[in-house]
Amino acid sequence: MNSETGRQRIDVDEAEALIRAHLPPRPITRVPLEHATGEILREAVVAERDQPPFDRVTMDGFALRHRAIASGRRRFTVIGTQAAGDPAMPVGADEACVWIMTGAALPADADTIVPVERTRRDGETITLEAGYVPVAGQFIHRAGSDHRAGSPLLAPGVRLGPPEMAVLTIGGHPDVAVASRPSIAVVSTGDELVEVGEPVTTFRIRSSNDRAVVAALAGAGFTRVARQRLPDDPVVLQRELGSLLAQHEVLVLSGGVSLGEFDHVPRTLAALGVQVVFHKVRQRPGMPFWFGTGPAGQPVFALPGNPVSTLVCLTRYVIPSLTASLGTAPRAQATRVPLAEAVTFEPDLCWFLPVVLHHGDDGSVRAEPRPTNTSGDFVALAGTDGFVELPRGGKAFAAGYPARFWRW
Ligand code: AMP
Ligand code: MG
């Protein structure tokens with residue numbers, strides 16, 4: 001540990017800022033629209049054409065001239081049928097109309113749509129419903145009334161969810177520039193760890209952290225992930241971590257970063273040329289959190305192995321910083337949720353407290369504390385929504401305290 005030069009025992013905000021400062025923006029890649037869902041847009045998308053591109057009919061009905069109705073006409077001759085996508089068909093005369101569908105282009109010499117349900121049809125003649133008074137220009141979505149060709153539709157930094165995917169098609173391009181996702185190695189270290197499916201003896205445990213880490217990364221759209229389990233053996237660690245550093249752009253390790261006899265991770269990383277940025281954050285759980293950068297600038301997150309600590313550090317630091325490096329538009333404010341009950345915490349540390357959110361019928365939301373037994377008690381996390389961040393030095397937090405909330 002004496003080879004370390006990074007910051008020691010820093011505060012949560014400083015740890016976050018240091019990580020952000022060491023994660024440069026991810027490169028841009030073009031992907032087909034099929035693969036763009038959930039990605040972060042990295043170009044401005046502008047409208048290919050006016051929207052709507054033509055005067056669009058918004059009801060199935062009859063296109064006609066309003067002046068005919070104004071002069072008392074109630075019966076019209078249907079001179080043709082026009083579907084959406086057809087060229088506009090002229091009406092030609094005041095006594096004529098065109099049977100026209102939603103999405104079709106308004107005939108240039110018509111100005112009003114009478115919905116089919118307000119008419120009675122007899123052969124090629126329609127009669128307007130008695131007493132019905134159509135308004136001039138009704139049921140027409142005017143060309144260019146939503147936006148003009150070239151107007152900005154989407155700004156860089158937006159996440160491409162369902163509405164944005166629909167808007168992208170109006171840009172007219174079959175592919176789109178998004179942030180490339182890094183290739184991530186998820187490594188758990190520990191001689192005691194056993195895979196599901198392998199026999200487990202009394203003093204060994206199943207490796208659960210890597211599963212939770214992979215699940216959390218996948219939930220945030222990071223799916224270029226390789227999972228590996230390594231022993232607490234400095235020789236094997238050095239060989240395998242060296243090879244992972246050569247192959248991956250981000251390393252997320254769990255375990256082996258405390259002060260135990262077999263906590264070889266910081267020394268091994270240092271020997272591999274990983275520069276420590278900080279070690280230990282004034283927080284509970286997750287105090288031994290270690291962060292550095294590899295020879296090629298790769299962020300290396302070495303999380304404490306206690307399962308609650310691993311998941312808290314991943315959610316509080318790793319995922320937000322990786323997401324920010326995709327170029328997401330910064331969120332204006334952190335999500336805050338009032339505590340459902342008062343809590344106290346004596347240690348001079350920031351406290352990450354698991355919670356369940358309760359949504360009231362009046363629109364209110366409250367965070368109900370679900371403290372874990374220890375930072376090893378990850379079973380207690382099942383069913384929680386995330387955790388609240390209670391700042392160092394606060395000690396007593398009243399019911400209603402607006403705590404910063406982090407969702408798993
Ligand atoms: P460490 O950070 O290596 O000192 O580990 C702290 C505690 O977390 C120990 O009880 C470990 O057995 C446990 N632990 C470490 N890695 C894992 C893992 N991948 N899955 C479940 N528990 C783990
Ligand atoms: Mg260990």
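Q: In this predicted model, which residue of strand 10 does Arg121 stand opposite?
A: The model is a predicted one, and the pairing in question belongs to strand 9 (119-122) and strand 10 (residues 125-128), which run antiparallel to each other over four bridges. Within strand 10, the residue standing opposite Arg121 is Ile126.

Q: Which residue in the turn between strand 9 and strand 10 has a positive phi?
A: Strand 9 and strand 10 make a hairpin, and two residues lie between them. The turn residue with a positive phi, of about 60 degrees, is Gly123.

Q: Which strands are the edge strands of the open sheet with the order 8-5-7-6-10-9?
A: This open sheet is built from six strands with mixed pairing, and its neighbouring strands are turned against each other by 40 degrees on average, with direction ignored. An edge strand here is one that pairs on one side only, and this holds for strand 8 (112-115) and strand 9 (119-122).

Q: What is the bridge partner of Phe62 in strand 8?
A: Strand 5 (residues 61-64) is joined to strand 8 by four bridges, and the two pair in the antiparallel sense. The partner of Phe62 across this pairing is Val114.

Q: Why is one side of strand 1 and of strand 17 left without a neighbour in the sheet?
A: The open sheet of seven strands follows the order 1-19-21-22-18-14-17, and its pairing is mixed. Strand 1 (7-10) and strand 17 (225-230) are placed at the edges of this sheet, so one side of each has no neighbour, because each has a single partner strand.

Q: Which residue of strand 19 stands opposite Ile10?
A: Strand 1 and strand 19 (residues 275-281) run parallel and are joined by three bridges. In strand 19, the residue opposite Ile10 is Val281.

Q: At what angle does helix 7 run to strand 22?
A: Helix 7 (307-324) lies across several strands, namely strand 14 (184-189), strand 18 (250-254), strand 19 and strand 22 (299-303). Its direction relative to strand 22 is given by an angle of about 165 degrees.

Q: Which element gives the most to the lining of the largest pocket?
A: The largest pocket has a volume of about 1,100 Å³, and among its 37 lining residues the closest to the centre are Ile319, Pro320, Thr323, Arg331 and Trp406. Helix 1 (12-21), helix 4 (209-219), helix 7 and strand 29 (402-407) each supply at least two residues of this lining, which by class holds 19 nonpolar, ten polar and eight charged residues. With six residues, the element that gives the most is helix 7.

Q: Between which domains does the second largest pocket lie?
A: The second largest pocket has a volume of about 340 Å³, and of the 23 residues that line it, the closest to its centre are Arg284, Pro285, Gly286, Ser309 and Ser375. Strand 25 (350-359) is one of the elements that supply at least two lining residues, and it gives the most, with four. Because two domains both give residues to the lining, the pocket lies between them, and these are domain 1 (7-26 + 181-325) and domain 4 (336-407).

Q: How many charged residues does the lining of the second largest pocket have?
A: Sorted by class, this lining has eleven nonpolar and eleven polar residues. The count of charged residues in the lining is one.

Q: How far apart do the C-alpha centres of domain 3 and domain 4 lie?
A: The chain is divided into four stretches or pairs of stretches, among them domain 3 (56-141) and domain 4 (336-407). The separation of the C-alpha centres of these two domains is 62 Å.

Q: How much space lies in the largest cavity?
A: The count of cavities of 30 Å³ or more comes to two. The largest cavity is lined by residues including Arg30, Glu43, His173 and Asp175, and helix 3 (162-171) and strand 13 (175-179) each supply at least two residues of that lining. Its lining divides into four nonpolar, three polar and three charged residues, and the space within the cavity is about 60 Å³.

Q: What is the volume of the second largest cavity?
A: Among the residues that line the second largest cavity are Phe345, Pro347, Leu390, Arg392 and Lys395. Its lining divides into six nonpolar, two polar and two charged residues, and the volume of this cavity is about 30 Å³.

Key: Residues are numbered from 1 along each chain as its sequence is written. Chains are lettered from A and ligands numbered from 1 in the order in which they are written. This is a predicted model: local features need pLDDT of at least 70, side-chain atom pairs count only at pLDDT 80 or more; totals for chains, interfaces and linings use all residues. Side-chain values use heavy atoms; hydrogens and water are left out. Two strands pair if DSSP finds at least two bridges between them. Axes are lines fitted to C-alpha atoms, for helices over the stretch in contact, and angles run from 0 to 180 degrees between N-to-C directions. Domain bounds come from an automatic or database domain assignment. On a 1 Å grid over the protein atoms alone, a cavity is a set of points where a 1.4 Å probe fits but cannot get out, and a pocket is an open set with protein on both sides within 12 Å along at least five of seven lines; lining residues have an atom within 4 Å of a point. Grid points are joined across faces, edges and corners, and a volume is the space filled by probe spheres set on the points. Ala, Val, Leu, Ile, Met, Phe, Trp, Tyr, Cys and Pro count as nonpolar, Asp, Glu, Lys and Arg as charged, and the others, Gly among them, as polar. Contact means heavy atoms within 4.5 Å.
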